[in-house]
Amino acid sequence: MAYENVKIDLQPKPVLQELIEDLTNKMLTQKAVLANCGKYADPSLVQGLEADIRLLDEVIERCYAQQELINLRSQLICLN
(Lines give C-alpha, C1' and ligand atoms only; values in the text may rest on other atoms or scores of the structure.)
Protein backbone atom coordinates (compact mmCIF):
# COMPACT_ATOMS: atom_id res chain seq x y z
CA MET A 1 0.00 0.00 0.00
CA ALA A 2 1.04 3.58 -0.53
CA TYR A 3 0.21 4.62 3.01
CA GLU A 4 2.15 2.04 5.01
CA ASN A 5 4.54 4.66 6.42
CA VAL A 6 1.80 7.01 7.62
CA LYS A 7 1.52 7.03 11.39
CA ILE A 8 -1.40 8.71 13.09
CA ASP A 9 -0.77 9.68 16.69
CA LEU A 10 -4.01 10.35 18.53
CA GLN A 11 -2.34 10.54 21.94
CA PRO A 12 -2.86 13.87 23.67
CA LYS A 13 0.15 16.12 23.86
CA PRO A 14 0.95 17.51 27.31
CA VAL A 15 0.30 21.18 26.56
CA LEU A 16 0.94 22.38 30.10
CA GLN A 17 3.88 20.07 30.86
CA GLU A 18 6.54 22.78 30.61
CA LEU A 19 4.57 25.10 32.88
CA ILE A 20 4.06 22.30 35.42
CA GLU A 21 7.79 21.52 35.40
CA ASP A 22 8.70 25.20 35.86
CA LEU A 23 6.29 25.60 38.76
CA THR A 24 7.52 22.38 40.36
CA ASN A 25 11.13 23.56 40.09
CA LYS A 26 10.16 26.90 41.64
CA MET A 27 8.39 25.13 44.50
CA LEU A 28 11.37 22.84 45.12
CA THR A 29 13.66 25.88 45.18
CA GLN A 30 11.39 27.61 47.70
CA LYS A 31 11.38 24.46 49.86
CA ALA A 32 15.18 24.32 49.75
CA VAL A 33 15.44 27.98 50.78
CA LEU A 34 12.99 27.34 53.62
CA ALA A 35 14.97 24.31 54.77
CA ASN A 36 18.21 26.32 54.75
CA CYS A 37 16.80 29.28 56.68
CA GLY A 38 17.51 27.80 60.05
CA LYS A 39 15.78 28.50 63.32
CA TYR A 40 16.99 32.12 63.51
CA ALA A 41 15.31 33.18 60.27
CA ASP A 42 12.95 36.13 60.23
CA PRO A 43 9.43 34.80 60.92
CA SER A 44 7.93 36.93 58.16
CA LEU A 45 10.38 35.39 55.67
CA VAL A 46 9.43 31.89 56.80
CA GLN A 47 5.72 32.69 56.61
CA GLY A 48 6.16 34.17 53.14
CA LEU A 49 8.03 31.12 51.88
CA GLU A 50 5.41 28.79 53.35
CA ALA A 51 2.62 30.81 51.71
CA ASP A 52 4.46 30.73 48.38
CA ILE A 53 4.89 26.97 48.63
CA ARG A 54 1.18 26.45 49.38
CA LEU A 55 0.20 28.71 46.49
CA LEU A 56 2.55 26.97 44.05
CA ASP A 57 1.20 23.59 45.14
CA GLU A 58 -2.38 24.71 44.48
CA VAL A 59 -1.46 26.15 41.07
CA ILE A 60 0.33 22.92 40.10
CA GLU A 61 -2.74 20.88 41.07
CA ARG A 62 -4.93 23.15 38.94
CA CYS A 63 -2.53 22.81 36.01
CA TYR A 64 -2.73 19.02 36.26
CA ALA A 65 -6.54 19.21 36.34
CA GLN A 66 -6.57 21.54 33.34
CA GLN A 67 -4.22 19.18 31.46
CA GLU A 68 -6.63 16.31 32.14
CA LEU A 69 -9.50 18.37 30.71
CA ILE A 70 -7.42 19.17 27.62
CA ASN A 71 -6.65 15.45 27.23
CA LEU A 72 -10.34 14.54 27.52
CA ARG A 73 -11.34 17.13 24.92
CA SER A 74 -8.74 15.86 22.49
CA GLN A 75 -10.06 12.32 22.90
CA LEU A 76 -13.54 13.41 21.84
CA ILE A 77 -12.75 13.34 18.15
CA CYS A 78 -15.89 13.12 16.07
CA LEU A 79 -15.45 11.61 12.64
CA ASN A 80 -18.23 12.21 10.16
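**A guided tour from Q30 through the helix pair**

Begin by selecting Q30, which touches L49, D52, I53 and L56 once residues up to four places away in sequence are set aside. Q30 lies in helix α1, and at 11% relative accessibility this residue counts as buried, because the cut-off for that class is under 20%. The model on screen is a predicted one.

**The whole chain**

Zoom out next and colour by secondary structure. The protein chain holds two helices and zero strands. Of its 80 residues, 15% count as buried, and Q30 is one that counts as buried. Switch to a contact view for the sequence separations: among contacts between residues at least 6 apart in sequence, 72% join residues at least 24 apart.

**The helix pair**

Select residues 17-37, helix α1, together with residues 43-75, helix α2. The two pack at an angle of about 160°, and their axes lie 9 Å apart. Helix α1 is therefore roughly antiparallel to α2, since the angle is over 145 degrees. Viewed as a crossing, the arrangement of α1 and α2 is left-handed. Colouring the residues of this contact by class gives 16 nonpolar, four polar and five charged.

**The nonpolar core**

Which residues make up the largest nonpolar core? Select L16, I20, L23, M27, I53, L56, I60 and C63, eight residues in all. Helices α1 and α2 each supply at least two residues of this core, and the largest share, four residues, comes from α2. In soluble globular proteins, nonpolar side chains tend to be buried together. Two members of the core, I53 and L56, were met at the outset as residues that Q30 touches.

**I60 and its partners**

Keep the core displayed and centre on I60. Leaving aside its neighbours within four places in sequence, I60 is in contact with I20, L23, T24 and M27. Among these partners, I20, L23 and M27 belong to the core, as does I60 itself.

Add T24 to the selection. Is T24, which sits in helix α1, buried or partly exposed? At 25% relative accessibility, T24 counts as partly exposed. A C-alpha to C-alpha distance drawn from T24 to I60 reads 7.2 Å, although the two residues are 36 apart in sequence.

**A stop at A35**

Finally, move along to A35, which also has its place in helix α1. At 62% relative accessibility, A35 counts as exposed, because that class begins over 50%. Draw a second distance, from A35 to V46: these residues are eleven apart in sequence and 9.6 Å apart in space, C-alpha to C-alpha.

With Q30, T24 and A35 displayed together, the tour has shown a residue of each accessibility class in α1: Q30 is buried, T24 is partly exposed and A35 is exposed.

Note on methods. Residues numbered from 1 in each chain as written. Predicted model: local features only at pLDDT ≥ 70, side-chain atom pairs only at ≥ 80, totals over all residues. Heavy atoms only, no water. Axes fitted to C-alpha atoms, helices over the stretch in contact; angles between N-to-C directions. Parallel < 35°, antiparallel > 145°, perpendicular 65-115°, else oblique. Left-handed = near helix turned anticlockwise from the far one by under 90°. Nonpolar A, V, L, I, M, F, W, Y, C, P; charged D, E, K, R; others polar. Core = buried A, V, L, I, M, F, W, Y, C linked by side-chain atoms within 4.5 Å. Buried < 20%, exposed > 50% of the residue type's maximum accessible area, 1.4 Å probe, protein only. Contact = heavy atoms within 4.5 Å.
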